[in-house]
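Let's take a look at how some charged and greasy side chains are arranged in a protein model. Have the 3D view open and follow along.

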Amino acid sequence: MPSGYNVRSRARERNSVLGRPEFMSLNQPPPRAGSSSSTGGGNNSGGGGQGPGPGPSETRGSARRPGQIKHQTSQPTEDPVDNGSKDRRESGKMPEEDCMLLNPSFKGIAKNSLLAIDICLSKRMGVCAYTSSSRGGCRSMVALLALTGHGITWIIGTIVCLTRSNTLAGQEVLVNLLLALIFDVITVAGVQRLVKRRGPWEMMPGFMDCVAMDTYSFPAAHASRAAMVSKFLLSHLVLAVPLRILLVLWAFLVGMSRVLLGKHHLTDMVCGFALGLLHFSLMETVWLSSSMCQTLISISTLSWSPFF
């Protein structure tokens, strides 16, 4: 018959918290260093599990042939890792237009600074860009001033004056002026299509601008035309000093009117003036004589009859 001490000890073990399955690991002594792999190998072996035995990794490693081990070691194991890291690096790269140069050159800094100043000043000077601008009430008057330097206006006016002219000298000047205007319109339109710079206020071109192919900002077509026409008239017409001053002032105001309307930058206007003077110089070198001008007039009016 069991004694009372044994009965009490068994009841104490049953009521103990450490006897539960989730706390069984607390009752086991901590494994010593280097004995965990041998204990695991002994448990998996077919014997009693007391003696040390090879672990699962050692058993599988010993079962492999030397040829297989040599073949596996000869295979490149770093290619998938390298390919994956390379793909991640390529995907992590930003496009060139989104990257910022940490060490820009002095030329790049100067160029970006000048462009920033140009845009800032052009926006400040666009006081007639909209009716709600600070000088929006003067927009119609400034637009009328800009219309006096429009290409279509000058081409139509030159043709009308040519049909009414009766002197050979006058027709010679007007024909060369008409050719200079057409050359100016085509050249400026070509440069604008190559550069494709928008205005400071990103405005849509009007109907007259589309007709004259003046759809972009650089260079300013009105400034180029005003500079070329004023220089042409000053060179081939005898004008009084006040009229010469007014002609130069008109050319400057026509170029400034497009800046006030928010159509062009200041640099567009300056380059337009320079391009207009260049056009005048080119037309002076290819100046058509009076006989050539009369031939062109005869062809245009369908009254040329050299074969009759």
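Which side chain meets that of D268 in a salt bridge? It's R197, with N and O 3.0 Å apart. This pair ties together distant parts of the chain: D268 sits in helix α14, while R197 is in the loop between α10 and α11, 71 residues away. Both D268 and R197 are buried. Keep in mind that you're looking at a predicted model.

The structure holds five salt bridges. Here are three of them, with their N to O distances:

| Pair | N to O distance | Separation in sequence |
|---|---|---|
| D268 and R197 | 3.0 Å | 71 residues |
| R258 and D209 | 3.8 Å | 49 residues |
| D214 and R258 | 3.5 Å | 44 residues |

R258 turns up in two rows of the table. You'll find R258 in helix α13 and D209 in helix α11, whereas D214 belongs to the loop between α11 and α12. R258 and D209 are both buried, and D214 is buried too. There's also a network: salt bridges with shared partners join D118, R197 and D268.

Now for the surface. L179, I182, I186, M213, M292, L296 and I299 make a nonpolar patch of about 560 Å². Helices α10 and α15 each give two or more residues to this patch. I186, in helix α10, counts as exposed because its relative accessible area is 51%, and the cut-off is over 50%.

Compare A274 in helix α14: at 46%, A274 is only partly exposed. A274 and A223 are 51 residues apart in sequence, and their C-alpha atoms are 8.8 Å apart in space.

How values were computed: Residues numbered from 1 in each chain as written. Predicted model: local features only at pLDDT ≥ 70, side-chain atom pairs only at ≥ 80, totals over all residues. Heavy atoms only, no water. Patch = residues over 30% accessible without salt bridge, like charges linked within 9 Å, V, L, I, M, F, W, Y side chains within 5 Å. Areas by Shrake-Rupley, 256 points an atom, 1.4 Å probe, with all protein chains shown as cover. Salt bridge = Lys/Arg side-chain N within 4 Å of Asp/Glu carboxyl O. Helix = DSSP H or I, 4+ residues; strand = E, 2+ residues; numbered from the N terminus. Buried < 20%, exposed > 50% of the residue type's maximum accessible area, 1.4 Å probe, protein only.
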